Amino acid sequence: GGGGAGSAEEVSHAAALQAELDHVRGEAAGQRERAERIEAARSRELNEARRRQWETQARAEQSLDQARRALAAEQRSAQEGRAAAAAQLARAEAQLGAERARAQGREASLAAR
């Protein structure tokens, strides 16, 4: 009857190995799930970081565009101001020229008397 005891021992050993294998498989499945969750979180964080970087860059480009437009407007305004001043100067010079001509004309008419 010693063979019977050995066979029962073998069965219980096989059952223990099967339980260990199931445990290891379960742990491996758990590790895989954790790895997938970590990978998904990492992917979300990367996408979020990219989105934030894109937004920051877009805002910087917007600010740059606004500054360029403001500068262009200032330059136009300065040019218009210079043009207006030049026109005013030209009118003043023309007026002065006309006054001088009239004065010379009066002097000439007085001298002719």
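Colleague: Why is Arg51 called partly exposed?

Modeller: Arg51 has a relative accessible area of 38%, and since buried means under 20%, exposed over 50% and partly exposed in between (1.4 Å probe, protein chains only), Arg51 is therefore partly exposed. This is a predicted model, in which local features need pLDDT of at least 70 and side-chain atom pairs count only at pLDDT 80 or more, while totals for chains, interfaces and linings use all residues. Residues are numbered from 1 along each chain as its sequence is written, and side-chain values use heavy atoms, with hydrogens and water left out.

Colleague: How do you know that Glu55 forms a salt bridge with Arg51?

Modeller: A salt bridge is a side-chain nitrogen of Lys or Arg within 4 Å of a carboxyl oxygen of Asp or Glu, and the closest N and O atoms of Glu55 and Arg51 are 2.5 Å apart, so the pair fits that definition. Both residues lie in helix α1, 4 residues apart, about one turn of the helix, where a helix is a DSSP run (H or I, at least four residues) numbered from the N terminus.

Colleague: What makes Arg68 exposed, and what makes Asp65 partly exposed?

Modeller: Arg68 has 53% relative accessibility and therefore counts as exposed, whereas Asp65, at 36%, counts as partly exposed. Salt bridges that share partners also join Glu48, Arg51, Arg52 and Glu55 into one network.

Colleague: Why is the contact between Arg68 and Asp65 called a salt bridge?

Modeller: The closest N and O atoms of Arg68 and Asp65 are 3.8 Å apart, so the pair meets the cut-off given above.

Conventions: Helix = DSSP H or I, 4+ residues; strand = E, 2+ residues; numbered from the N terminus.
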